[in-house]
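User: Could you take a close look at one part of this model for me, the place where the two chains meet? I'd like a connected walk through it, with some context from the rest of each chain.

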Amino acid sequence: MGMKVKVKLAGDQAKVKLLIRHPMETGRRKDDSGKIIPAKYIQTLTCHANDELCFESQFGTGVSKDPFLSFTLLNRKAGDKLKFKWVDSTGDSDEKEVVIK
Amino acid sequence: MKLSRRGALKRLLAGSAAVFLVPVSALAKWAEKAFNATKLDEAIKLLWPNAKLEKSDKVRLKAPEIAENGAVVPVTIGSDLPNVKSMAIFVEKNPSPLTSKFDLFKDAKPEFSLRIRMGETSKVIAAVETTDGKVYFTEKEVKVTIGGCGG
């Protein structure tokens, strides 16, 4: 598991692409022996800019494996600190910080 | 009014208790009921209990006409409305129709692209809640060649 972030500053808008390595198991899939693979999927993902909350997303099992998200943050400049954090249905979490160049 | 030391202390404690009742964080709890709902109408009602939905061209939904692989369907939800509070994407025929919800706070443009799963050909619904409590939506039929809900 891990997070990859790409940020491109265009004027005062930061265009962000975020890729999270995560199985997003729905709990409905079976393995080769026919056993149900337990559910494990990201439920919340937050995005902060300079410690202020920009948005929070909530996911269900309908989000694809290795979630990919692209979005735009307004009023941004080089040097701004972005922070992303996800928490999944089993309580696992990960976070990543990047500074806009 | 006369205040005894004990009375004043009581008031002070009551005051601080009230302060603690204010949510410390703006973070929403994961909308468990809405995400677990198995019917579209139910999921929408659980997410926005009092809202009347109105079809609007101010909500944009970009999705393919035909998705060859239902496991990875790229979609974009966007809006020109000035006062967007939250946005959500539903797939009518998925086992759990609510795929994702976005709560906007500060400096987030109301536009998100992501990849969703679709078990079969279905209507995809993009809905936007504004700060005045109204919910606008748009929908699009997406044909799925190979379903992607696993199982």
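Analyst: Here is a walk through the contact between the chains, followed by a look at what sits behind it on either side.

Keep in mind that this is a predicted model. Chain A brings 35 residues to the contact and chain B brings 34. Between them, the two chains bury about 2,800 Å², and 50% of that area is on carbon and sulfur atoms.

Now the polar side of things. There are 23 residue pairs in polar contact between chain B and chain A, counting pairs where both residues are at pLDDT 80 or more. Two salt bridges turn up across this interface. One of them joins K106(B) to E52(A), with N and O 3.2 Å apart. For scale, the count over all chains is 17 salt bridges.

Which strands of chain B each supply at least two residues of the side that touches chain A? They are β6, covering 98–104, and β7, covering 108–116. Of these, β7(B) deserves a special mention, since the largest share of that side, eight residues, comes from it. Sorted by type, the residues on the side of chain B that touches chain A come out as 18 nonpolar, nine charged and seven polar.

Let's take β6(B) next. This strand pairs with a strand from the other chain: β4 of chain A, residues 52–59, runs antiparallel to β6(B), and five bridges join the two. If you want a spot to click on, try F59(A), which stands opposite S100(B) in β6(B). E52(A), the salt-bridge partner of K106(B), falls within the residue range of that same β4 strand, 52–59.

Then there's β7(B), where an aromatic pair is worth a look. Over all chains the count is eight aromatic pairs. In one of these, F71(A) and F112(B) sit 6.2 Å centre to centre with 40 degrees between the planes, so the pair counts as tilted rather than stacked or edge-to-face. This pair crosses between the chains: F71(A) belongs to β5 of chain A, residues 68–73, while F112(B) belongs to β7 of chain B.

What lies behind the contact on the chain A side? Chain A has seven strands and zero helices, so reading along the sequence you get β-β-β-β-β-β-β. Its C-alpha atoms fill a box of roughly 55 × 20 × 20 Å along the principal axes. Within chain A, D92(A) and K40(A) form a salt bridge, with their closest N and O atoms 2.5 Å apart. That one links distant parts of the chain, as the two residues are 52 apart: K40(A) is in the loop between β2 (13–21) and β3 (42–49), and D92(A) is in the loop between β6 (81–88) and β7 (93–99).

On the chain B side, the strand to follow is β9(B), residues 135–146. Strand β1 of chain B, residues 53–55, pairs with β9(B) in the parallel sense over three bridges, and there E54(B) stands opposite Y136(B). Strand β3 of chain B, residues 66–69, also pairs with β9(B) in the parallel sense, again over three bridges. Here N69(B) has I146(B) as its bridge partner.

The partnership with β8(B), residues 122–130, is antiparallel and runs to eight bridges. S122(B) and V142(B) are bridge partners in that pairing. β8(B) and β9(B) make a hairpin with four residues between the strands, and G133(B) takes a positive phi near 90 degrees there.

To pull the contact together: β6(B) pairs with β4 of chain A, β7(B) gives the largest share of chain B's touching side, and F112(B) in β7 reaches across to pair with F71(A).

Key. Residues are numbered from 1 along each chain as its sequence is written. Chains are lettered from A and ligands numbered from 1 in the order in which they are written. This is a predicted model: local features need pLDDT of at least 70, side-chain atom pairs count only at pLDDT 80 or more; totals for chains, interfaces and linings use all residues. Side-chain values use heavy atoms; hydrogens and water are left out. Contact means heavy atoms within 4.5 Å. Buried area is the accessible area (1.4 Å probe) that two parts lose on being put together, summed over both. A salt bridge is a side-chain nitrogen of Lys or Arg within 4 Å of a carboxyl oxygen of Asp or Glu. A polar contact is a pair of N or O atoms within 3.5 Å; within protein, one must be able to donate a hydrogen and the other to accept it, and residues adjacent in sequence count only if both atoms are side-chain atoms. Ala, Val, Leu, Ile, Met, Phe, Trp, Tyr, Cys and Pro count as nonpolar, Asp, Glu, Lys and Arg as charged, and the others, Gly among them, as polar. Two strands pair if DSSP finds at least two bridges between them. Rings of Phe, Tyr and Trp (its six-membered ring) pair if their centres lie within 6.5 Å; planes under 30 degrees apart count as stacked, over 60 as edge-to-face and the rest as tilted.
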